[in-house]
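Work through the exercises below with the sequence and the model side by side, and try each task before reading its solution.

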Amino acid sequence: MRPSIFVRSPAFYRRVLMVALPVAFQQLITVGVNMMDTIMLGELGELPLSGSALATQVFNLFHFMCMGMGMGASVLTARFWGAKDLPNLRRSITILYRFCLGIASVFTMLALAFPAQLMRLFTEDPAIIREGTAYFQVFWPCFLLYGFSMTTTLVLRSSRQMRVPMLSSIGAFFLNIFFNWVFIFGKLGMPRLEIRGAALGTLISRLFEAAVICGYFWAKDKKIAYRPRNFFDNCRALLPEYVRIGLPVLISDTLLGLGNSMVSVVMGHMGAAFVAANSITSVTQQLSTVFTSGVGQAASILTGNTLGEGRVEQARSQGHTFAAMGAAIGAVCSCIIWLISEPVIGSYNIAPETREIAMQLMHSVAMMTFFLCLNSILTKGVLRGGGDTRFLMVADVFFLWVVSVPLGAAAGLIWHLPAFWVNFCLKCDNLIKAVLSLARLRSGKWIKRISVSAEAPGEAP
């Protein structure tokens with residue numbers, strides 16, 4: 001039976017909103033924190049703004065790796081939640097935490113021991129490197145704090161628990177704004193720390209967020225009932241399936257993070273004006289597409305839950321519905337970016353050259369956001385929720401690293417094209433993957449079976 005384009009049940013749309021709205025609101029708060037950092041540091045000039053923007057690129061790579069680990073695990077946790085298999089659900093969380101601890105430790109050591117070398121990956125400007133190094137000297141504990149809070153948030157979402165992560169993000173948002181104001185500008189008798197103050201404000205907010213989310217999940221949650229002692233569970237039986245499903249997601253999201261970093265590398269070698277302009281447009285794009293992130297995670301969770309319940313045809317219909325949602329949301333987001341580009345850029349204290357570059361980038365972003373939204377909801381939502389992670393990994397790696405990155409680097413560093421076309425080339429993989437994902441959705445090959453070879457000893461299924 002051919003699935004209809006739209007799911008007709010109102011209950012389905014209510015479930016989408018119940019997942020998407022809290023996720024979108026939490027994402028909005030996160031982007032708001034980044035925007036406030038950008039605005040406050042922008043008052044100090046382009047060098048602190050550029051230093052913070054490039055230092056944050058290292059954190060963004062870690063963020064993508066956390067999302068990869070968490071979303072890979074959530075494919076399993078959503079299925080196990082739908083099947084009411086709590087022992088295997090807890091084992092998948094344990095594997096997730098072990099990976100998280102290892103990767104966060106590596107990033108922490110790099111930020112402590114080699115901050116200047118990390119900055120030189122993005123720019124050769126000594127002044128920007130100096131600012132970014134100062135940022136890392138305060139910021140480094142955030143890798144471990146954010147790693148556990150982000151992965152725990154994704155686990156809570158897979159079991160449709162949105163309230164605690166959302167409330168913790170609200171608290172972190174206001175703490176970040178307050179302590180940024182205090183330490184960047186030296187208010188209330190505190191020293192004026194400038195870029196170090198931005199890092200300190202972020203550290204305090206991350207500490208609060210991790211304490212609330214992880215404290216709740218490890219001590220209070222009764223739905224999954226995961227406790228610190230579960231970190232030492234025997235997970236050998238589940239590990240092969242976790243690697244089969246989760247490792248392609250981790251590789252895919254890590255390479256996507258590296259690809260985003262390559263955008264910063266290209267623009268970092270085009271000068272401080274380009275870096276500052278890109279930091280402005282990046283925040284605007286993130287702000288306008290927060291609902292896309294919420295719908296994408298709703299698509300992954302609900303698809304996993306539905307397949308876990310054994311309702312394959314329902315999952316197909318949901319996939320077509322989410323594709324239509326992605327196209328509609330993308331069109332709205334593109335229009336919003338185009339309409340607000342001039343007032344947003346006008347609110348920053350930047351040079352005329354930077355303003356012109358930012359306007360070109362904003363118009364390019366407006367055009368590409370349509371394909372970004374459609375691609376994101378399909379690849380990070382429907383197809384990933386169906387377990388089609390190996391196909392997605394190949395598509396992400398090929399089109400990003402064989403098409404977008406080389407084309408974008410040539411456009412910016414060899415051909416010296418205008419900023420509009422540099423950004424278009426660097427993001428053109430979204431256009432290609434949107435078309436490819438629609439074809440994959442129609443084929444039905446994205447629905448994969450998940451199994452566990454055996455139960456771990458000492459626990460009942």
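The exercises that follow treat a helix pair, the nonpolar cores and three loop residues.

The model is predicted, so local features need pLDDT of at least 70 and side-chain atom pairs count only at pLDDT 80 or more, whereas totals for chains, interfaces and linings use all residues. Residues are numbered from 1 along each chain as its sequence is written, and side-chain values use heavy atoms, with hydrogens and water left out.

**Exercise 1.** Describe how α12 and α15 cross, and list the residues that make the contact.

Solution. Helices here are DSSP runs of H or I with at least four residues, numbered from the N terminus. Take the axes, which are lines fitted to C-alpha atoms over the stretch in contact, with angles from 0 to 180 degrees between N-to-C directions: those of α12 (residues 312-346) and α15 (residues 419-443) come within 10 Å and cross at roughly 160 degrees. This makes α12 roughly antiparallel to α15, a term for angles over 145 degrees. Next, identify the contact (heavy atoms within 4.5 Å): α12 contributes Gly319, His320 and Ala323, and α15 contributes Leu438, Leu441 and Arg442.

**Exercise 2.** Find the largest nonpolar core and say which helix gives the most to it.

Solution. A nonpolar core is a set of buried (under 20% relative accessible area, 1.4 Å probe, protein chains only) Ala, Val, Leu, Ile, Met, Phe, Trp, Tyr and Cys residues joined through side-chain atoms within 4.5 Å. The largest has 67 residues, and those with the most contacts inside it include Phe62, Phe136 and Phe143. The helix that gives the most is α2, with 17 residues. A second, separate core has 27 residues, among them Cys333 and Ala434. To return to Phe136, its contacts, not counting residues up to four places away in sequence, include Ala55, Val58, Pro115 and Phe143.

**Exercise 3.** Place Glu194, Ala225 and Gly386 in their loops, and decide whether each is buried or partly exposed.

Solution. Glu194 is found between α7 (163-185) and α8 (195-219), where its phi is near 55 degrees, a positive value in a residue other than glycine; at 33% relative accessibility it counts as partly exposed, the class from 20% to 50%. Ala225, in the loop between α8 and α9 (239-268), has a positive phi of about 60 degrees and is partly exposed at 31%. Gly386, by contrast, is buried at 0% in the loop between α13 (352-385) and α14 (389-414). Leaving aside neighbours within four places in sequence, Gly386 is in contact with residues including Arg79, Thr303 and Trp446.

Note on methods. Helix = DSSP H or I, 4+ residues; strand = E, 2+ residues; numbered from the N terminus. Parallel < 35°, antiparallel > 145°, perpendicular 65-115°, else oblique.
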